[in-house]
Each structure stands twice: as structure tokens, then as C-alpha cells.
Amino acid sequence: MYFELTDEQKIIRQAARDFAQTELKPGVIERDELQKFPAEQIKKLGELGFLGMMVSPQYGGAGLDAISYVLVMEELSKIDASTSVVVSVNNSLVCYGLEKYGCEEQKQKYLVPLASGQQIGAFCLSEPEAGSDATSQRTTAIDMGDHYLLNGTKNWITNGSTASTYIVMAQTDAEKKHHGINAFIVEKGMPGFTVGAKENKMGVRGSDTHSLMFTDVKVPKENRIGEDGFGFKFAMSLLEGGRIGIASQALGIASGAYELSVQYAKERKTFGKSLADHQAIQFKLADMATEIEAARLMCLKAAWLKDRGKPYAQASSMAKLYASEVAMRTTTEAVQIHGGYGYVKEYHVERLMRDAKITQIYEGTSEIQRIVISRGVLK
């Protein structure tokens with residue numbers, strides 16, 4: 001086993017760390033309070049190549065590995081999970097899906113602007129009646145010959161109003177159940193496509209989360225991804241990689257809260273000595289550091305497997321399950337270590353605690369991860 005990062009990976013991690021400190025940290029509390037989308041920051045991330053990290057340079061991407069992606073996601077998420085989830089969705093779901101499964105025409109038309117940061121994308125699977133049960137798609141796509149007629153509603157869509165390109169799952173043949181689901185590329189501005197109100201969320205409040213409505217939207221036949229009936233397999237394949245991104249986001253949230261806690265414990269004085277000199281605090285920090293390191297290794301292992309073309313579904317589910325639970329435990333303890341200060345916004349940890357919760361829910365709840373893991377264990 002070899003645990004040393006390459007020089008390139010270290011440089012990329014440092015670039016992400018510097019960006020988080022200089023570009024994300026100023027204004028992060030205000031963006032959270034106002035639910036303000038980090039448009040300027042996302043534009044700069046695109047210019048740095050962080051929106052198409054793993055895409056081939058042939059299609060405008062940076063051509064980096066999944067390990068570099070994990071490192072970037074951790075550093076950005078230490079400061080602003082609302083920004084890092086945009087990076088995650090664009091990389092793990094939209095760009096990866098188009099590069100791996102799209103035809104050449106789709107790659108040239110859609111992947112190039114997405115990977116180069118000119119546009120951002122959205123992945124549309126969840127519905128009012130289809131969350132964890134992704135097979136129960138109510139959105140329909142009726143084959144009309146040269147196009148499909150799309151009708152339905154999608155919920156909880158990250159980048160809902162700011163995306164230009166949407167990958168939408170829809171049921172084409174209900175009798176075939178999940179074998180009748182297809183994936184379609186839908187463009188903003190297509191007649192009949194409307195964006196609903198923004199969700200007022202507990203955490204990741206700067207993230208642009210909306211419902212989407214489709215009413216007789218004409219989607220050209222050439223915008224279907226893959227063969228007829230491939231949509232469900234397509235979505236599940238994308239989520240395997242997406243879970244590496246969300247696991248890394250959870251890792252970053254935990255790391256950010258831990259670093260703030262160490263700093264605060266060294267500076268704060270109680271009962272005539274530093275907070276860090278109290279064994280009760282030392283034990284909390286020791287547990288936080290240990291769990292974070294374990295989560296980091298799990299994220300890196302899943303990315304390592306993906307980079308080498310090995311099966312990584314179980315590893316990514318394990319990483320997401322564990323890292324998201326570590327994020328909740330760590331951020332809760334961070335608030336406790338900060339005491340009353342932890343409960344006010346200017347110290348950041350209360351926001352990190354609110355942000356941590358969603359990592360146990362989106363791209364497959366912790367319960368769904370346990371199902372995936374147990375199937376692998378019992379196979």
C-alpha cells in the first residue's frame with residue numbers, strides 16, 4: 001500500500017485550499033443567510049477547471065483522476081458546502097454521465113461547455129413520489145416518432161434554476177417498470193419547461209434547489225442517452241460515482257468543523273487554563289480526528305478503485321455512509337466545544353452542522369447505502 005499523494009495531487013489540493021480561503025470564506029455566512037447562489041465563485045471554479053475535473057481535455061475537461069476530485073471536494077467543503085455540491089453534481093453526475101454514456105454529438109454539444117465551466121448542469125431523478133424508490137418514476141416521455149413528449153415534476157433539483165443542461169429520467173413504458181425508464185437531455189428554455197419556487201432549506205442554503213415542471217416538452221429523439229430502456233441503469237451507475245463526491249463533501253464538512261474546534265480550544269481560556277488542556281475536550285478532539293481520518297481513507301479508496309477501473313459501488317456506499325455520519329457527529333461536537341459561541345453564526349460551526357445533515361440524505365440516504373452494502377456483503 002502506498003499512501004503518498006503525487007506532486008500534481010498536492011498542487012491541486014493546495015489550489016483548492018487557497019480558493020476556499022480567499023474566494024469562498026468571505027461572504028459565506030451572508031450567502032447562507034440570504035440563500036444566495038455563489039455565481040461568481042462557480043464561474044471562477046469553472047475557469048480553474050474544477051467543474052470538469054475528470055473529463056478528458058478532448059472535451060474541455062482537466063483530465064484529472066478521482067483522487068484529485070476527492071481532495072478538491074474536501075477542501076471546498078471545509079468552507080462552503082453550498083458551492084461544493086455544485087462541483088459534485090456537475091462532475092460526478094452530469095459530466096461523467098455524458099462522457100461515459102453520451103454519443104459523440106451529445107458530447108460536443110453539451111459536455112464541452114459543461115466541462116469547461118461555461119455552463120453548469122443538473123441531474124433530475126427525484127420526484128414527489130420517487131425519492132429513495134427511484135423506480136417509481138411518474139414523469140413520462142411518450143415516443144412521438146422524431147421526438148418524445150415529456151410530462152411530470154422533479155423535486156429537490158440542485159442547480160435547478162441556474163443550470164443550462166438537465167439530465168432528466170422519465171418513464172417511457174410503464175409496463176416494463178424500471179426497464180422502461182430513459183434518460184433525456186433537456187435544455188433550459190424548451191417550451192413547457194418551467195422552474196418552480198426555490199426550496200427554503202435548513203442547510204446548504206446557497207445551493208440552488210428547485211422543483212421542475214414539464215408540460216408537453218418536446219425532446220428531440222437524439223437527446224435520449226443510450227439505448228431505449230437504459231435510463232435506470234444509467235442513473236444507478238452515475239450515483240455510484242456521485243456518492244464518492246458526497247462522501248468527500250461530508251468529509252470536508254467534518255474536517256472544517258474539526259479544524260475550527262482545534263483552533264478554538266487552543267485560544268479559549270476556562271478555569272484558568274486553555275480549553276485544550278481539559279481532558280474532556282482532548283478526548284472529543286481525539287475521537288473527531290480518528291473518525292475523520294478513517295472517513296478520508298474510505299473516500300480515497302473508493303476513488304482509487306474508480307481510477308483503476310475496478311468495481312467501486314460498495315466502497316463508495318461505505319464511504320458515503322460513514323463519512324456522512326462522521327460529519328454529523330463531528331459538527332455536533334464542534335458546536336458543543338464552542339459552547340454558546342458555537343450557536344451563533346459568526347463562528348461557522350452551526351452552519352456546518354446544518355450542512356452536514358443533507359449528506360445523510362441526498363444521492364441515497366444512509367438507509368439506502370446500507371441496502372447497497374448488505375447486497376454486496378451477501379452476494
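**Group meeting: a walk through the fold and its aromatic pairs**

Hi everyone, let's start with the layout: the chain has 11 helices and 10 strands. Please keep in mind that this is a predicted model.

First, the overall shape. For 379 residues, a compact globule would have a radius of gyration near 21 Å, and the chain has 21 Å, so the two agree. If you rotate the C-alpha trace onto its principal axes, the spans are about 80 × 45 × 40 Å. Of the 379 residues, 54% count as buried. Now look at who touches whom: among contacts with a separation of 6 or more, 74% come from residues 24 or more positions apart.

On to the surface. The chain exposes about 16,600 Å², and 54% of that comes from carbon and sulfur atoms. As for charge, there are 44 positive and 46 negative side chains. The centres of those two sets lie 3 Å apart.

Next, two backbone spots to click on. Which strand holds tryptophan 156? That residue lies in strand β3, residues 147-158. Its phi is near 60°, a positive value in a residue other than glycine. Tryptophan 156 is also exposed, because its relative accessible area is 53% and the cut-off for exposed is over 50%. The other spot is aspartate 216 in strand β7, residues 209-220. Aspartate 216 has a positive phi too, near 50°, and with 45% relative accessibility this residue counts as partly exposed.

Now for the rings, my favourite part. How many aromatic pairs does the count give? The count comes to 9. One of them is phenylalanine 193 with phenylalanine 214, a stacked pair with 4.9 Å centre to centre and 20° between the planes. Phenylalanine 193 sits in strand β6, residues 193-198, and phenylalanine 214 in strand β7, so this pair ties together parts that are 21 residues apart in sequence. Are these two buried or exposed? Both phenylalanine 193 and phenylalanine 214 are buried.

Then there is tyrosine 341 with tyrosine 347. Their ring centres are 5.0 Å apart and the planes meet at 45°, so this pair is tilted. Tyrosine 341, at 37% relative accessibility, counts as partly exposed, and tyrosine 347 is partly exposed as well, at 27%.

Finally, have a look at Tyr101, Phe230 and Phe234, which form one aromatic cluster.

That's my tour, thanks for listening!

Notes:
Residues are numbered from 1 along each chain as its sequence is written. This is a predicted model: local features need pLDDT of at least 70, side-chain atom pairs count only at pLDDT 80 or more; totals for chains, interfaces and linings use all residues. Side-chain values use heavy atoms; hydrogens and water are left out. Helices (H or I, at least four residues) and strands (E, at least two) are DSSP runs, numbered from the N terminus. The radius of gyration is taken over C-alpha atoms; the globule rule is 2.2 Å times the number of residues to the power 0.38. Buried means under 20% relative accessible area, exposed over 50%, partly exposed in between (1.4 Å probe, protein chains only). Contact means heavy atoms within 4.5 Å. Accessible areas come from the Shrake-Rupley method with a 1.4 Å probe; for residues, only the protein chains shown count as cover. Lys and Arg count as positive and Asp and Glu as negative; His and the chain ends are not counted. The place of a charge is taken as NZ of Lys, CZ of Arg, CG of Asp or CD of Glu. Rings of Phe, Tyr and Trp (its six-membered ring) pair if their centres lie within 6.5 Å; planes under 30 degrees apart count as stacked, over 60 as edge-to-face and the rest as tilted.
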